[in-house]
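Open the model in your viewer and keep the selection panel at hand. Each stop below says what to select and what is there.

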Amino acid sequence: MDEKHAALRVPAEAAFARSVRITAAALAVSCDMSVEDVEDVRMIAEEGFVYTCATAPESVEVRFSLERGRVTMDFSLGDTEPSDDSVDLVRVLLAAVCDEFAFEDDGSTLHLVRASGESHGE
């Protein structure tokens, strides 16, 4: 599979978390990922959405890059620094499940990657 790209923009409201989860899972299926990996992508997408909402953007934009067995999600962050209390668990979960969990140097993007067969934070 050549690298493909998709994007999703939804309001930064809890009611739209499901849209982000479902989209991420459907895209992971198109990358021939296992059921377990698809479930991990779904969870990563939801936690990325939660983190992004904590930065108070008007809307949440997720850019997906897709390759066989690999999904990359880049969330555009708002301008507010989230309180540690609101995102501590999110950071722990993302660090444990993602193959890559990082913020761009300017702090504008949350970068998450899940690939089949990787060590997942170990």
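Select R42. At 29% relative accessibility, R42 counts as partly exposed; the label buried means under 20% relative accessible area, exposed means over 50%, and partly exposed lies in between (1.4 Å probe, protein chains only). Add E39, which is also partly exposed, at 38%. The two side chains form a salt bridge, 2.9 Å from N to O. A salt bridge here is a side-chain nitrogen of Lys or Arg within 4 Å of a carboxyl oxygen of Asp or Glu. Both residues sit in helix α2, 3 residues apart, about one turn of the helix.

Before moving on, note that this is a predicted model: local features need pLDDT of at least 70, side-chain atom pairs count only at pLDDT 80 or more, and totals for chains, interfaces and linings use all residues. Residues are numbered from 1 along each chain as its sequence is written, and side-chain values use heavy atoms, with hydrogens and water left out.

**Helix α2**

Select 35-53, the range of α2. Helices (H or I, at least four residues) and strands (E, at least two) are DSSP runs, numbered from the N terminus. α2 has 19 residues and spans 27 Å from first C-alpha to last, close to the 27 Å expected at 1.5 Å a residue. That expected span is 1.5 Å times one less than the number of residues. Now colour its buried residues: D37, V38, V41, I44, A45, E47, G48, F49, Y51 and T52.

**A salt-bridge network**

Keep D37 and add D40, D99 and R114: a network of salt bridges links these four residues. Zoom in on D99 and R114. Their side chains meet at 3.9 Å, N to O. D99 lies in the loop between α3 (84-97) and β4, and R114 in strand β5, so the pair ties together parts that are 15 residues apart in sequence. Are the two partners buried or exposed? D99 is partly exposed, at 24% relative accessibility. R114 is buried, with a relative accessible area of 2%.

**The sheet**

Show the strands as ribbons. In what order do the 5 strands of the sheet run? The order is β1-β2-β3-β5-β4, in an open sheet with antiparallel pairing. Two strands pair if DSSP finds at least two bridges between them. β1 (4-11) and β4 (100-103) stand at the edges, each with a single partner strand, so one side of each has no neighbour in the sheet. On average, neighbouring strands are turned by 15° against each other, direction ignored. The axes behind that angle are lines fitted to C-alpha atoms, for helices over the stretch in contact, and angles run from 0 to 180 degrees between N-to-C directions.

Next, select 70-76 and 109-115. These are β3 and β5, which run antiparallel and are joined by 7 bridges. Pick F75: its bridge partner in β5 is L110.

Stay in β5 and click T109. T109 is buried, at 4% relative accessibility. Its side chain makes a polar contact with the side chain of S108, at 3.4 Å. A polar contact is a pair of N or O atoms within 3.5 Å; within protein, one must be able to donate a hydrogen and the other to accept it, and residues adjacent in sequence count only if both atoms are side-chain atoms. Leaving out residues up to four places away in sequence, T109 touches R63, D74, F75, L77, A102, F103 and E104. Contact means heavy atoms within 4.5 Å.

**V10 on the edge strand**

Go to V10 in strand β1. V10 is buried, at 7% relative accessibility. Neighbours within four places in sequence aside, V10 is in contact with F16, S19, V20, F49, S59 and V60. Draw a distance to E61: the C-alpha atoms of V10 and E61 are 6.6 Å apart, with their positions 51 residues apart along the chain.

**Two loops**

Select D32, in the loop between α1 and α2. Its phi is near 60°, a positive value in a residue other than glycine. D32 also forms a salt bridge with R68, the closest N and O atoms being 2.5 Å apart. The pair links distant parts of the chain, 36 residues apart, with R68 in the loop between β2 (59-67) and β3. R68 counts as exposed, at 58% relative accessibility.

Finish at A56, in the loop between α2 and β2. A56 has a positive phi of about 60° although it is not a glycine. For a last overlay, display every salt bridge: a search of the whole structure finds 10.
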